[in-house]
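Biologist: I've got a two-part question for you today. Could you pick out one piece of this model and walk me through it slowly, as you would for someone in their first year?

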Amino acid sequence: MTTLSLSPPATRRRTAFSKIVRNEARLAWRRPIGLIGGVGIPVVLLIIFGELPAFQQPTAALGGFTAFELYVPVLVVFSLAMLALLGLPVPLASYRELGVLRRLSTTPVSPTWVLAAQGVVQGCVALITMVVIFVGAMVAFGVSAPRNPGGVVLSIGLSIAGFFPIGLVIAAISRTASGASVVGRIAFFPLMFFAGLWLPRQLMPTVLLDISNYSPLGAAVEAIQYAMLQGFPPVAPLLVLAAYALAFGFLAKRFFRWE
Amino acid sequence: MGNSGNAGAGLALRADRPQALSWPRPDAGRPAVEIAHLRKTYGELVAVDDVSFSVAEGEIFGVLGPNGAGKTTIVECAIGLRAPDSGTIRLLGMDARADRDEVHEVVGVQLQSSAQPDRLRVGEILDMYQSFYREPADVKELTDALGLGGKRNDYYRSLSGGQRQRLSVALALIGRPKVAVLDEMTTGLDPQARRDAWELIEGMRERGVTILLVTHFMEEAERLCDRVALVDNGRVVALGTPASLAAQARGGKSVRFSPSAPFDDRVLTDLPEVTRVGHEGNHVVVTGTGELVNAVLFALDAAGVTARDVQLNSSNLDEAFVALTGDASTARKEN
């Protein structure tokens, strides 16, 4: 049941997959809680922070960068984490709760297709949000173009690879959709703290910064900030993200149940 | 069947109506479902033990038994959702798990307690499931036939229990299956919706679809099934036509009465027609064969006892169920 069924001919597979994606997109649109958290809140925060004059002053305590420059990667991570920790596990847990995944496994398609379709939909939402945040920050609020665009792309890619398996583990340990939503939120807010949403990493005391360096969202912010403002990111945060991807990937594969 | 003439609430899947739905004809002579020595345990619990039966193509076969008897486990093994511990399962000659891909093309399934997302429309759900199959039925024709034609644009969450049930039947049939497996399809339906569902099943029989029907509802099995396997504690305790099971259980009929005075049971047990004499409060229940009533009343009269409040019952599947599973509570609950 966990293997991708390849039996229907290619054209029918494509049609079937696109129909699943379309319904997933409809559901995301009709219950826009995930879109509000993953797109709406980061964009609103971007506008608020962009309008604060204090956020536009280069500050010595922040390494000579403006607070706004440092917040752009935090908002990117906010959006990705919302999608990974809530946008992915809540519908999956709901499908398992409703028996949708079980029902699908009696058809010629496999329930893994729903997971893949979720990936497509969440991925598109994430991509649009990234574009809005980066272009908005640069065009509307005068942030300069990333120092190392390749490093930004790599850091975001590794962040996605690190965050989404955590969402799968949340889906695995939650019996119901509401349970997944509670676990997702309990995970999201402390992790966002260590990512520097309330207190920039640059101002954190050593203990907090150490924790932040080894937390998935903190490592992601570190890597993206560096690639945006300085150059190719240091290896440490990239390795931390890769380690989360492997560890939670393993846990998800081990504990995720389709029914 | 099919000529009952009642309105049928838009269920056009009956033989006496113009048919829009076309269906593949069965290949004659091959069993649709063959289950041999199926065994499935969950830890210490033996859910199903040495279950064997075979369903011919075009047959409506009932798996009947009290709650927790192992019916759903049998069905889930049969459709490849669960791996049996031992035993073999063939569906249209294919292995339920090894040939899973092809099995899923030709076997339609209605699972117990399987819902759909609230915010999808009926048409969107059916359209998606339709795209999974090689030669699917037409969504419009199928929904019209199931009386869901006016609901295609409605959200799943706005459907009534009966409409949801019909949608799950529609999803079981959207791939135009040769075998349909329906698990407790009428549980939770009101009497009218239940009758509509029965007519639908009878319509499926007309087009040669083999149906494996799981139920704990006696009337349903008696009305629909060609044959029934009675399951209790994970074993098949009886297998045959509903009528033969009923006969097997009680050997015929029973008469129930209230005697005007106490009498010795031997007055009745000595009669050749009587197989058993039982007491239920002030009433006596005598079971037996042949001219039972005459024999009993004559013998009582000879003993100076008058039988009051006489009721005669031909035994039915309900009694077979009780007699063979010893579970009166479940059998009567649904009536």
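Modeller: Sure! Of the 335 residues of chain B, 45% count as buried, so let's look at one stretch of that chain, and keep in mind that this is a predicted model.

How many helices and strands does chain B have? There are twelve helices and 14 strands. The strand I'd like to zoom in on is β8(B), which covers residues 210–215. Go along it and you'll find that six of its six residues are buried. To count as buried here, a residue needs 20 or more other C-beta atoms within 10 Å of its own.

Now, which residues sit on each face of β8(B)? On one side you have Thr210(B), Leu212(B) and Val214(B). On the other side are Ile211(B), Leu213(B) and Thr215(B). Every one of these is buried, which leaves both faces of the strand covered.

Next come the partners. Strand β3(B), residues 60–64, pairs with β8(B) in the parallel sense, over five bridges. Strand β7(B), residues 179–183, also runs parallel to β8(B), and five bridges join the two. Try finding Leu212(B) on your screen. Phe61(B) stands opposite Leu212(B), and Val181(B) stands opposite Leu212(B) too. That makes Leu212(B) a handy landmark for finding your way around.

How does the chain get from β7(B) to β8(B)? Helix α6(B), residues 191–206, belongs to the connection: β7(B), α6(B) and β8(B) make a right-handed β-α-β unit. If you step back to chain B as a whole, take the contacts between residues at least 6 apart in sequence: 72% of them join residues at least 24 apart.

For contrast, glance over at chain A. It has eleven helices and zero strands, and reading along its sequence you get α-α-α-α-α-α-α-α-α-α-α. Its radius of gyration is 19 Å, close to the 18 Å that the globule rule gives for 259 residues, so chain A is as compact as a globular protein of that length. Along the principal axes, its C-alpha atoms fill a box of roughly 60 × 35 × 30 Å. Of its 259 residues, 48% count as buried. As for contacts in chain A with a separation of 6 or more, residues 24 or more positions apart account for 78%.

Then head back to β8(B) and trace it once more, with β3(B) and β7(B) as its parallel partners.

Definitions and conventions:
Residues are numbered from 1 along each chain as its sequence is written. Chains are lettered from A and ligands numbered from 1 in the order in which they are written. This is a predicted model: local features need pLDDT of at least 70, side-chain atom pairs count only at pLDDT 80 or more; totals for chains, interfaces and linings use all residues. Helices (H or I, at least four residues) and strands (E, at least two) are DSSP runs, numbered from the N terminus. The radius of gyration is taken over C-alpha atoms; the globule rule is 2.2 Å times the number of residues to the power 0.38. A residue is buried if 20 or more other C-beta atoms lie within 10 Å of its own, exposed if 12 or fewer, and partly exposed in between; C-beta atoms are placed from the backbone. Two residues are in contact if their C-beta atoms, placed from the backbone, lie within 7 Å. Two strands pair if DSSP finds at least two bridges between them. A crossover is right-handed if, with the strands pointing away from the viewer, the path from the first strand over the helix to the second runs clockwise.
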